[in-house]
Amino acid sequence: MRLDKFLAVTATATRSEAGRAVRAGQVLVGGVPAKRADMQIDPTRDAVSYRGEPVLYREHYYILLNKPTGYVSATEDGREPTVLTLLPPKYTVLGLFPCGRLDKNTEGLMLLTDDGDTAHRLLSPRRHVEKRYRFTVKFPLTEEECARFREGLTLEDGYETKPADIVLDAAGKSGVITLVEGKYHQIKRMMQALHNQITSLERISFGPLTLPADLPRGAWRALTKEEETALLEAAK
Ligand code: URA
């Protein structure tokens, strides 16, 4: 791979920045200043550093975002800001996309990746990857309604949901829901089937990933090695 392309695909530098840094002797390959930005390197073997920092080659990127309300789960949208606009602009070259969707007014854990195979497997209906949501509703829920929720409900379009777990807080207007599928507006429509209405929704886990308590709304970070291993294991 060309050195300037490598620096671009790792979101280290644009191609023109890479050219300038090479001319200034700030890009080392195997400890030696690179002479040309178009030199060929082997990303899996050659140690590259850019302005004193090692550049790590990764086959895929996995980013955990704490989604705020007001952003749509898409890579592009003509009218609304997308979750990808919360990342630095240089990340656009990575080809990241949201793994699954959250509604515009849903907050919380969102995985962004460029790993299509893993995303496809995690989202496959056959795999039943668990997703947990903290919710609030307009009217207190009864135990009978929770029992119907746990058995699975018929939505307005006739779709029969799979059993979903629900744990209520004492006042009956909030709690945690666990889904093993991800139909469009699923929780909102399940609550509508119970003549109730979701007033807030936050995803707190996706498979083995949990929303970190210290990650502010709108902030993101790369998965830790342990999280990445657990995610790839869940997708096997
Ligand atoms: N269910 C919904 O209704 N909305 C979401 O964003 C996620 C699950």
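Helices, such as the one that precedes His 195, are DSSP runs of H or I with at least four residues, numbered from the N terminus. The model shown in these views is predicted.

**View 1. Helix 5 and its surroundings in the predicted model.** Seven of the eight residues of helix 5, which spans residues 186-193, are buried, so this helix is largely enclosed by the rest of the structure. The buried positions are Gln 186, Ile 187, Lys 188, Arg 189, Met 190, Met 191 and Ala 193. They pack against helix 4 (143-151) and against four strands: strand 8 (131-137), strand 9 (165-168), strand 10 (174-179) and strand 11 (198-206). After helix 5 comes His 195, which has a positive phi near 55°.

**View 2. The largest pocket, with a volume of about 640 Å³.** Its lining comprises 33 residues, and Arg 101, Leu 102, Gly 182, Lys 183 and Tyr 184 are the closest to the centre. Helix 3 (116-123), strand 8, helix 5 and strand 11 each contribute at least two lining residues. By type, the lining holds 15 nonpolar, eight polar and 10 charged residues. Because domain 2 (62-125 + 208-234) and domain 3 (130-206) both give residues to this lining, the largest pocket lies between them.

**View 3. The second largest pocket, with a volume of about 340 Å³.** Sixteen residues line this pocket, and Thr 10, Leu 56, Arg 58, Tyr 61 and Tyr 91 lie nearest its centre. Strand 5 (62-67) and strand 13 (220-222) are the elements that give two or more residues to the lining. The lining of the second largest pocket consists of 11 nonpolar, two polar and three charged residues. Domain 1 (3-55) and domain 2 (62-125 + 208-234) each provide at least three of the lining residues.

Methods: Residues are numbered from 1 along each chain as its sequence is written. This is a predicted model: local features need pLDDT of at least 70, side-chain atom pairs count only at pLDDT 80 or more; totals for chains, interfaces and linings use all residues. Side-chain values use heavy atoms; hydrogens and water are left out. Buried means under 20% relative accessible area, exposed over 50%, partly exposed in between (1.4 Å probe, protein chains only). Contact means heavy atoms within 4.5 Å. On a 1 Å grid over the protein atoms alone, a cavity is a set of points where a 1.4 Å probe fits but cannot get out, and a pocket is an open set with protein on both sides within 12 Å along at least five of seven lines; lining residues have an atom within 4 Å of a point. Grid points are joined across faces, edges and corners, and a volume is the space filled by probe spheres set on the points. Ala, Val, Leu, Ile, Met, Phe, Trp, Tyr, Cys and Pro count as nonpolar, Asp, Glu, Lys and Arg as charged, and the others, Gly among them, as polar. Domain bounds come from an automatic or database domain assignment.
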